[in-house]
Amino acid sequence: MTPPAAVPTVTRQARLWWPVLAGGGVLGLFAFVGDEVPGVVGLVILTLTSTGFIWGMAALLAGYASHTPWSAVRNATTLLLVATVAYYGLILVHGRRWHSGQLADGSSAAMSGLASVGRHAALWLVASVAAGVTLGWLGSTVRRGTRLRASLAAGAAVGLLAGQGLHLVATFQAWHLLDDPFFLGHLVAAGAGIALATVSVTVLLAHRRATRSWPTFVAASVVASVAGALLWSQIDLIRSTM
């Protein structure tokens, strides 16, 4: 009997890479579309595609699905970088966000707008590398780590993924304006991000074949959630200066 032909290495690598590249491209595309669509529909799209939870969860899943810690870090980082490049690439091609407007002296604000896009793109490219390395490793550890390390990693992931929502709720000041869909939508989106981060990571930890420590996971989640909220407060501070 003739043995089956071996799958070429290039073909195997392509099969491994295309979900990462496609996932990053789709994430960046829908984040851009959410910015362009007005009203509640646009807010829903942004909630589903352009929050710290969604992008972070994509990186965590890329790490969780990878076979080694190195490939987990590589895949998660690549996914976030592709998403960031796709998002800001579409902004550059579309042009309306940076090309329109005038300065006080009547001249075009295009160069100022383009510089702003460049600064924000640089910030999020750096953040993509940091988040990809961290969440990719955490995802791999949740799936393949020892009982203690997996539980600690899962708790850290909850804190990082829920951090943006926790920061928004902690600093929310428009409680008297919840009859306005804009403010209500942002608060609901923050709450949904916190809940989904907790549930999603809990499911991933429960799904692993090896044992886990639930008390360690809960304790790590509480500590990491405080750290995650503080981290997002610093990110917002940096963004406000740009």
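A residue counts as buried when its relative accessible area is under 20%, as exposed when that value is over 50%, and as partly exposed in between. The exercises below apply this and a few other criteria to a predicted model.

**Exercise 1. Classify Ala65 and describe where this residue sits.**

Step 1: Ala65 belongs to helix α3. Step 2: the relative accessibility of Ala65 is 49%, so this residue counts as partly exposed, given that the exposed class begins only over 50%. Step 3: as a distance to check in the coordinates, the C-alpha atoms of Ala65 and Asn75 lie 9.4 Å apart, with these positions 10 residues apart along the chain.

**Exercise 2. Summarise the secondary structure and the burial of the chain.**

Step 1: the chain contains 9 helices and 0 strands, and the order of elements from the N terminus is accordingly written α-α-α-α-α-α-α-α-α. Step 2: of the 242 residues in the chain, 38% are buried. Step 3: when contacts with a separation of 6 or more are taken as the reference, 71% of them join residues that stand 24 or more positions apart.

**Exercise 3. Determine how α7 and α8 are oriented relative to each other, and describe the contact of α7 with α8.**

Step 1: helix α7 covers residues 147-171 and helix α8 covers residues 181-207, and their axes come within 8 Å and cross at roughly 175°. Step 2: angles over 145 degrees count as roughly antiparallel, and α7 and α8 are therefore roughly antiparallel to each other. Step 3: the α7 side of the contact includes Ala150, Ala154, Ala157, Leu161 and Gly165, while the α8 side includes His186, Ala190, Ile194, Ala197 and Val201. Step 4: sorted by class, the residues of this contact of α7 with α8 comprise 15 nonpolar, 4 polar and no charged.

**Exercise 4. Repeat the analysis for the pair α3 and α7.**

Step 1: the axes of α3 and α7 are 7 Å apart, and the two helices pack at an angle of about 155°. Step 2: with the threshold of 145 degrees again in mind, α3 and α7 are therefore roughly antiparallel to each other. Step 3: Gly52, Phe53, Gly56, Met57 and Leu60 of α3 make the contact with Ala157, Leu161 and Gln164 of α7. Step 4: the residues of the contact of α3 with α7 fall into 5 nonpolar, 3 polar and no charged. Step 5: comparing the residue lists, Ala157 and Leu161 of α7 take part in the contact with α3, and Ala157 and Leu161 also appear in the contact with α8.

**Exercise 5. Characterise the largest pocket by its volume and its lining.**

Step 1: the volume of the largest pocket is about 1,500 Å³. Step 2: its lining consists of 50 residues, and those nearest its centre are Thr51, Gly52, Trp124, Gln164 and Trp232. Step 3: the elements that give two or more residues to this lining include α1 (9-36), α2 (39-49), α4 (69-94) and α9 (214-240), whereas the largest share, 10 residues, comes from α6. Step 4: by class, the lining divides into 31 nonpolar, 15 polar and 4 charged residues.

**Exercise 6. Which class, buried or exposed, applies to Leu27, Gly136, Thr78 and Ser225?**

Step 1: Leu27, a residue of helix α1, has 10% relative accessibility and therefore counts as buried. Leaving aside residues up to four places away in sequence, Leu27 touches Thr49, Ile54, Trp55, Ala58, Leu79 and Ala83, and the C-alpha atoms of Leu27 and Ile54 are separated by 8.8 Å although 27 residues apart along the chain.

Step 2: Gly136 lies in helix α6 and, at 0% relative accessibility, counts as buried. With residues up to four places away in sequence left out, Gly136 touches Ala59, Gly63, Ala72, Val73, Ala76 and Ala131.

Step 3: Thr78, placed in helix α4, is buried with a relative accessible area of 17%. Under that same exclusion of residues up to four places away, Thr78 touches Trp17, Val20 and Leu21.

Step 4: Ser225 is found in helix α9 and is buried, its relative accessible area being 15%. Beyond residues up to four places away in sequence, Ser225 touches Val158, Gly159 and Leu166.

Conventions: Residues are numbered from 1 along each chain as its sequence is written. This is a predicted model: local features need pLDDT of at least 70, side-chain atom pairs count only at pLDDT 80 or more; totals for chains, interfaces and linings use all residues. Side-chain values use heavy atoms; hydrogens and water are left out. Axes are lines fitted to C-alpha atoms, for helices over the stretch in contact, and angles run from 0 to 180 degrees between N-to-C directions. Helices (H or I, at least four residues) and strands (E, at least two) are DSSP runs, numbered from the N terminus. Angles under 35 degrees count as roughly parallel, over 145 as roughly antiparallel, 65 to 115 as roughly perpendicular and the rest as oblique. Contact means heavy atoms within 4.5 Å. Ala, Val, Leu, Ile, Met, Phe, Trp, Tyr, Cys and Pro count as nonpolar, Asp, Glu, Lys and Arg as charged, and the others, Gly among them, as polar. On a 1 Å grid over the protein atoms alone, a cavity is a set of points where a 1.4 Å probe fits but cannot get out, and a pocket is an open set with protein on both sides within 12 Å along at least five of seven lines; lining residues have an atom within 4 Å of a point. Grid points are joined across faces, edges and corners, and a volume is the space filled by probe spheres set on the points. Buried means under 20% relative accessible area, exposed over 50%, partly exposed in between (1.4 Å probe, protein chains only).
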